[in-house]
Amino acid sequence: MRITGHWLPFLAILLLSMAGCSESESTSSGKATPETTPPDYPVTWRFALEEIEGSVQHAYAQALKESIEERSDGRILLDIFPYGSLGTSAQLTELAKNGSVQLAFASPGHLADQIPEVGVFTLHYLLSDDGDVNRQLLASPELLAMFETPYASRNLKLLAFVPEGWMTWTANKPLRSPADFQDLRIRTMTSDMAAASYRAYGAQPQQTPFSQVYTDLQLRKIDAQANPVFAIEEMEFYEVQSTLTIARPTQFIASLVTNRDWYLELPEKQQQWLDSSLKEVAEIAWRSQEELNQARLKTMLEGEQLKVVELTEEERAVFAEASQSVRQDYINATGERGTEILKRIGQLVETLENQAPESASETGG
């Protein structure tokens, strides 16, 4: 399952050369184009993933493909490119920005270096322990509106936030306290904000691409890594790590993006098909990540492939306290806009938790 990508840059270059070749029509108004002259159908949209086949993102992409192809009666076709087909996560974002792919996942773990505001999703112990609260938060129009301008500044249109489950830690020992992180070389996603969360625990973050993690663990270049359960199982990190620690510091949240100009210049009917399909698959995505994370954890437990340690609430509270200093780093990087985003997310979480039934609580993926 390790990715050997010596030929992958050639595919990326090919797609870069196709920038601007989308079948959608241009307008000067920035609004969806009425189909006064119907475009030639079928139209193919390219969708680049940050994860391999069998992942949460792949399940989402397959559901979106089915929805939009059915909704458009086959006039829109979705061509899915799993991770490794076109390049690293950062390269996929560039392909979306220049229009070489029409849809792409872009996780805050790397995107925060370009759009600092989105680094809020790498902060630890900010979201709720109640999964339904987080689902409502991430789907709320208000939250999406907060990020409209930051994404637009990079010629990106934010289409959705897609939660993929709780981040978990693997190492060759349990990670029960910040003391266990002292000088630990832990692989983090590539943004400085993602690394800061682990630096606050005393670790030595190693910011490396996803495709390199297995090899670096195997060669002992790094001591630990953080990912949702499904990714740990599918990338076989359990082969080179002995212990999985469930601390629920934050969810892995991907953002679905497109080239902003491409979206605004879509013929009106195509834009409606896309928007309607995105709404339809949101609930499917939430259910699929829950099911996939639970199934993959069960697989590893049954195969005795990892020792699993779940932190107590008292142990989590120690990490939560240690993580607070990183929020000031976020504010320093984002200014007034980031300060307001951080404040408003906290308020929304509190409001949604107060509205939730007392019995609704989720502690797993």
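Two strands count as paired if DSSP finds at least two bridges between them, and the strands themselves (E, at least two residues), like the helices (H or I, at least four residues), are DSSP runs numbered from the N terminus. The model is predicted, so local features need pLDDT of at least 70 and side-chain atom pairs count only at pLDDT 80 or more, while totals for chains, interfaces and linings use all residues. Residues are numbered from 1 along each chain as its sequence is written, and side-chain values use heavy atoms, with hydrogens and water left out.

**The whole chain**

Begin with the protein chain, which has 14 helices and ten strands. Buried residues (under 20% relative accessible area, with exposed meaning over 50% and partly exposed in between, for a 1.4 Å probe and protein chains only) make up 55% of its 365 residues. Of the contacts (heavy atoms within 4.5 Å) between residues at least 6 apart in sequence, 78% join residues at least 24 apart.

**Strand 3 and its neighbours**

Next, select strand 3, residues 103-106, where L103 and F105 point one way and A104 and A106 the other, all of them buried. In a regular strand the side chains alternate between the two faces of the sheet. Add strand 1 (residues 43-48), which pairs with strand 3 in the parallel sense over two bridges; here A104 is the bridge partner of A48. Then add strand 9 (residues 251-259), whose pairing with strand 3 is antiparallel and runs over three bridges, with F105 standing opposite L256.

**Helix 2 against helix 12**

Now select helix 2 (residues 56-71) and helix 12 (residues 268-302), whose axes come within 8 Å and cross at roughly 150°. Axes are lines fitted to C-alpha atoms, for helices over the stretch in contact, and angles run from 0 to 180 degrees between N-to-C directions. The crossing is right-handed, meaning that the near helix is turned clockwise from the far one by less than a right angle, whereas anticlockwise would be left-handed. Residues to display include Y60, L64 and R71 of helix 2, and W273, E280 and L292 of helix 12.

**Helix 8 against helix 14**

Finally, move to helix 8 (residues 192-199) and helix 14 (residues 325-355), which pack at an angle of about 155° with their axes 9 Å apart. The two are therefore roughly antiparallel, a term for angles over 145 degrees, with under 35 roughly parallel, 65 to 115 roughly perpendicular and the rest oblique. Show M193, A196 and S197 in helix 8, which meet V326, D329, Y330 and A333 in helix 14.
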